[in-house]
Structures are given as C-alpha cells and as structure tokens.
Amino acid sequence: LAPSLPLQEDFVYHWKAITHYYIETSDDKAPVTDTNIPSHLEQMLVILIQEESEREFGETGPCMEYLLHHKILETLYTLGKADCPPGMKQQVLVFYTKLLGKIRQPLLPHINVHRPVQKLIRLCGEVLATPTENEEIQFLCIVCAKLKQDPYLVNFFLENKFKSLASKGAPNTTSEDVLKGQDSLSTDTGQSCRPEEPSGASGMEHTELEDEPHAQMDDLSTGLDSLSIAALPEATVVRPNQDYNLVNSLLNLTRSPDGRIAVKACEGLMLLVSLPEPAAVKCLTQSTCLCELLTDRLASLYKALPQSVDPLDIETVEAINWGLDSYSHKEDASAFPGKRALISFLSWFDYCDQLIKEAQKTAAVALAKAVHERFFIGVMEPQLMQTSEMGILTSTALLHRIVRQVTSDILLQEMVFFILGEQREPETLAEISRHPLRHRLIEHCDHISDEISIMTLRMFEHLLQKPNEHILYNLVLRNLEERNYTEYKPVCPEDKDVVENGLIAGAVDLEEDPLFTDISPDNTLSNQEWLSSSPPASPDHPKNDGKTEVHKIVNSFLCLVPDEAKSSYHVEGTGYDTYLRDAHRQFRDYCAICLRWEWPGSPKALEKCNLEAAFFEGHFLKVLFDRMGRILDQPYDVNLQVTSVLSRLSLFPHPHIHEYLLDPYVNLASGCRSLFSVIVRVVGDLMVRIQRIQDFTPKLLLVRKRLLGLEPEGPIIEHITLLEGVIVLEEFCKELAAIAFVKYHAASTP
C-alpha cells in the first residue's frame, strides 16, 4: 500500500482545499473561475484516472474508495445546485461527465454514485437557454452511453417507481419516468402529461426564422430549429408537477434554441429507447411524455406549413436527414415559400422514423401507435378528407412524400393501416366505403382534377413498392383469392374453333359487343394477326410447352393494337427490348421484396375455389380499369400514371395476379373483366374511331415524334388526346408483353 499513499494524500488534500474554501470565504459573489476550485477538481480527476491505470481492472483504489465513502458526489451536487460560487454548477457537471466517461470500472451501480447522478439529472433542462446547457447535454449523453453499455443499470433507477405504482394500484400515476432515483419519490401528484395541457410542443408558436436578427440562426439544425425558437425561457412547463429525470431532461433540451444541443438531446433519447430492459420500456412509454413530444411536435410542424405548397416542391426538396440539416434561406437559390417549415416537418418526421426503427420492439410499437392516433388520424386525416382541391393536392403530396420517406417497418405498418385499414376479407360493392380514407383516396385516383388523380396514383404506386404484405393483399389479392373471375370449363372442340377465328374463349365476345356492331368483318377482325391463334390452356391440359405458351401470350399483347394504329416501328429506339431490360430488373426487385411473404408458386386448385361467389375486382382495380377504359379520352400524363400503376401491379410474383392481369387465355366468368378484356374493348372502340380521322397514321407519327422531342412543337393537331392515348396504349401493351415474358422465363428457369 505504501506507494499509493501519496496519491491518496494528494487526493484528500485537493478535496479539503475545496471544502476549506467554503468554510473560509465570505465573498460568495465572485465567480468560480476566480477561485482554485476548478484546478482542484481537475487534479482529483487526474489522480483517480492515474490510480485506475496502475491497478488491475475492477480493483477499486483508495482514492476511489474515499470518493465513494465520503459521498463527495453528493456534496458536489449540493454545491452545484446552489451554484455557489457562481458557475459551480458548470464545474460539477464537467466533473461528473469526465468521471463517468474516463473511469473504466462501472461506477453507476454504487448508491453513492447513482443517487447524486440522479439528482443532478433533474437539474438539467430546467431552464432553457441557460449558460450550462452545453455541459448539461454532455453529462446526460454520457449517462445514456453508460446505460447503453449496461442496460441492466436502468433497473437501479426504476425500483421505487414500480413499487409505488404497485402499492397504489393506480396505473395512471405517471409521476416519473425511466431513471428514478431511489430516494426521490418524495411527492407523487398523480398528474400525467396530457396533450391538452398547453405545455410542450403543443403550446408552442411556430415562428419563421427569417425574422430572426441573428445571422447565426440560419445555421441551426433545421430539424429542430423552427420549434425551438419559441419564447419559453422556463422549460419546466414541459413537465407535469413531478420529480424529473433523464428522459424529461432530454425532452426539455430537445427544445433548446441551440440546434446542436437539441440534436444531442435527440441522440440521447434514441439511445434510451433502444434499451432492451422491459421495465424501462414500460416506464418510457407509459410514464413519460415521449410519445406526446414526438406527436405534438409533428402536429405543430405540420400545421405550420402553408395551406398550399407546390406538389413539385414537396417532392423535390432534398432528402432530409434529421441531424445534419443546416438550412440557410439566404444561400438557397431554389427557395420557395414555406421551404423552411417543410424541411423542419420532414426532418422531424425522419427523426420519429429513425427513433422507432432503433427502439426496442415494445417501445417502437407504442411510439408508432401514438403517431398513428395523434398525428395520422388526428391531423392528417381531416386534411386528406377535405373538399378543397388545393388542400387535397397539398395533403396528398405530403402523404406521398412521407410514404416514400418512411423506413421503419413498424411505422410503415401503422401508416398502411391508416391509409388502407386492416380489412383482409374480399371486398363487396356494398361495403366499398368501410374504411373512409381508403375509399376517398381510391376515388381521388379518378378525380375531376387531373393533378389530384396523378398525385394520388403516384402515392399508391410508391405504396406498392413498400415491403409490407398487407398493402397488395388489401388492395388486390383478397379479391382474387378464390379465382372466381374464372369459369371452369374443360376445352371442347368448338372453343378451339372460336379461338382460331381470332377470339378468345370466355373473353369478351367482340361480335356481340355493341362497340363492334358497325365494324365490317373484312377490314378488322378477319385480320387475325392481332390475336394469336392458340387453344386456351385449361387446368386439365397443363402448359406443357412453356416456350410456345409464353410466345403466344407475348404475341397476344403485342398484336392487340392493330397495325394501322402502331407508330413505334417508324422511330428508332422504341423497340420492345428496352421494356424487357426494365421488366427484368424490376421483377427481380419485386421478387426480393415478396420473398418473405411465402406466396404459393401456382394458383389455388380450382376444385378448392368457391367459383360460385360473386366476383368483384375490388375498388382499386375497378377505378384503374375504369380509367384504363377511357385511355383514348384522357390526358397523356394521366394515362402514363394509370398504366404505370397497372404495370407495377402485374410485376408482383403472385400466381393469381399473374393469371388475372397477364393471362389472355383465362376463361373469364360472365360479367367479369380482366386487364386484357378492358384493353380489347378499348381497341374495338379505337378501330371505330380510326375510320373517322383523316391522315390518321401521319398524324400519329407526328405526335409521337413531338412527344419524343424529335419534332419541334407546331400547330395544334386535332384529336391530339386520342392520338396520345393510342401511343400510350401501344407502349403499355409492349410493356405488359415484356413483363409476361420475363415472368414466364423466371418461372421456367430453376
């Protein structure tokens, strides 16, 4: 022991020097920096670190024993709380931070460490914009890091909390949260942090930072800036009347006017929510205001957005990362009204998304449900259900943006339930509006405003690319489960004849279709090339030759549009091979997404299907088919978006989707339509209308060249909508042929 005595003597000397200062001094107004206290504290730390480095790991030296035994941390806490001499709180915070950060042995399990640490935590974040904010956040973050290393330590702080709950038997006594000191349960008011209290983010006014006189404000972290400027010097309003601790202190500091402090506080919370200790999770979600903070701030940032923002701006504002933004309005060439508010909202949404992604599962579910109930339903739904076209457009564009942005599976699940509902049984026409928001959004795909239609279709297109099985099931698959769109009939010789005459058995009978009555047989359907002649594959004649089968199917699509309505072979680089490459890449991506969903490899056996049940394709496909049927009469941009969503749907590797959307030979039950039969009708209509247009082919070619930018814009061509529709139709058929080919090819190669 002899060599270590000098160290201990030295240590005690420095501590005594500090205590003597308080006994001897009368001037307690002089700042601490004018005294020797900071250097004595620094020396004590140096000695403790040196002592530890000279010993075996885990062995406590005499200086550390002295610190623990004489409750030095308790004494320092008291001096820091009194901030005597002025600036002492800062010194104490620095001492605690360095002690916890630089000493390797675990200190927090000691009652003489975690009790004063607990008390010091409660001093943090009490007042916003205090001079000690920087030291406070450093201290809180080191405590979080220690808990992350040893999550079980949280339990030291939770003991009393849960005893008190059990003894009162009152689940709503939300007095404290995660890290509860064992001695701190002095009063319990039973108050919980309710959203209607004018506290926290909900009561804060959003102020645009452009009005700030300070230039440095521009460099704040925008994820948090716009909220943190609110004039609330006393942060205590965030807390209900209760003892405070780690989570509450961090929650307060997320509202610091200094963006860097706020970001550090958010990082601290992210560490805490990921702790696997069940007791801590329960406390975090039930007894702190964390859920309210996240959702109230989302809500107030959303409400701070202008009533109308250009959808293009919402879509193109650069990718938002919650911690790294420093948005400066002055330097921004592409600024638009409300850009700062939009970035603030999107970066806070990104923070919520990342927090839920990192959080322990129970905590993640609780946080995501809070976002669902308090933000999606409470704030976004009324905006999406409104009747003002400008309002619908802006709110749908924002929904589209967050659908694209969300990465957490648990938050995505809640978002999907919000948009589509949880129903999984087949839809019926009578119950089409069971989930009002789903019904309204699908109706918006066929809105009188083309802009709203396109935006809503794009939202669904992105939704379909998300890795969540419920999306496709709810929109489409649940209605195809029984294959009751098919009619079970064995092949008989007459069917074969019908097909060879250019019609598909069970498909729409064109001869009886009113659209076709005025077409003379010699100039249209006798030209059989546009429907390939082959008998339909039936369940009892399996598709033995996959190659000829896929060849026929591809040709069915490629020959749908009659030659006189085709224009792509006159223009370079618009061949079918481009679609093949795209389809191959996209199909691979979709297969990767759907792998976990364990879809069957082949359709459900017809014997097991309830073919008697009335078939309804479902609201989503109904609207898409209706729009597809009007392809010759609606704007080019709308057509591009409708066909884009349909081609996305047909890429999914599910046998029923494949059969219903991509198999021209399926025997459709009477009164049912499929994608192929919808296109057949459109083509029938087109052939009637071609007769009435002079110089149809040259006009068509000119329109195609203009669309490709190969011809300058010139005088308006009449029937432009129809001509553009024909071009989209031809390209869509090529795309479907490519998808069918790629899917058959993938199925036939092991």
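# Worked exercises on salt bridges, helices and backbone angles

R630 is partly exposed, as its relative accessible area is 33%, where buried means under 20%, exposed over 50% and partly exposed in between, for a 1.4 Å probe and protein chains only. The model is predicted, so that local features need pLDDT of at least 70 and side-chain atom pairs count only at pLDDT 80 or more, while totals for chains, interfaces and linings use all residues. Residues are numbered from 1 along each chain as its sequence is written, and side-chain values use heavy atoms, with hydrogens and water left out.

**Exercise 1.** Find the partner of D446 in a salt bridge, and say which parts of the chain the pair ties together.

*Solution.* Begin with the criterion, which asks for a side-chain nitrogen of Lys or Arg within 4 Å of a carboxyl oxygen of Asp or Glu. D446 meets it with R630, since their closest N and O atoms are 2.6 Å apart. Next, locate both residues: D446 lies in the loop between α19 and α20, and R630 in the loop between α25 (619-629) and α26 (636-651), so the pair ties together parts that are 184 residues apart in sequence. Helices here are DSSP runs of H or I with at least four residues, numbered from the N terminus. Finally, check the cover: D446 is partly exposed, at 28% relative accessibility. A further group, made of E617, K622, D626 and R673, is joined into one network by salt bridges that share partners.

**Exercise 2.** Describe the salt bridges of R260 and of E427, and state for each residue whether it is buried, partly exposed or exposed.

*Solution.* The structure holds 30 salt bridges. In one of them R260 pairs with D258, with 3.0 Å between the closest N and O atoms; R260 is exposed at 66% relative accessible area, whereas D258 is partly exposed at 23%. The side chains of E427 and R438 also meet in a salt bridge, at 3.1 Å from N to O. This pair links distant parts of the chain, with E427 in the loop between α18 (409-420) and α19 (436-444) and R438 in helix α19, 11 residues apart. Both E427 and R438 are buried.

**Exercise 3.** Compare the reach of helix α15 with its expected span, and find how many of its residues are buried.

*Solution.* Helix α15 covers residues 339-358, which makes 20 residues. The expected span is 1.5 Å times one less than the number of residues, and for α15 this gives 28 Å, to which the 28 Å from its first C-alpha to its last is close. As for cover, 17 of the 20 residues of α15 are buried, and the helix is mostly covered.

**Exercise 4.** Locate the cis peptide bond from C84 to P85 and the positive phi values of A129 and H719.

*Solution.* The cis bond from C84 to P85 has omega near -10°, and P85 belongs to the loop between α4 (72-82) and α5 (88-102). A129, which is not a glycine, has a positive phi near 60°; its place is the loop between α6 (111-123) and α7 (133-149), and at 52% relative accessibility it counts as exposed. H719 is likewise not a glycine and has a positive phi of about 60°; it is found in the loop between α29 (696-707) and α30 (720-748), and with a relative accessible area of 40% it is partly exposed.

Definitions and conventions:
Helices (H or I, at least four residues) and strands (E, at least two) are DSSP runs, numbered from the N terminus.
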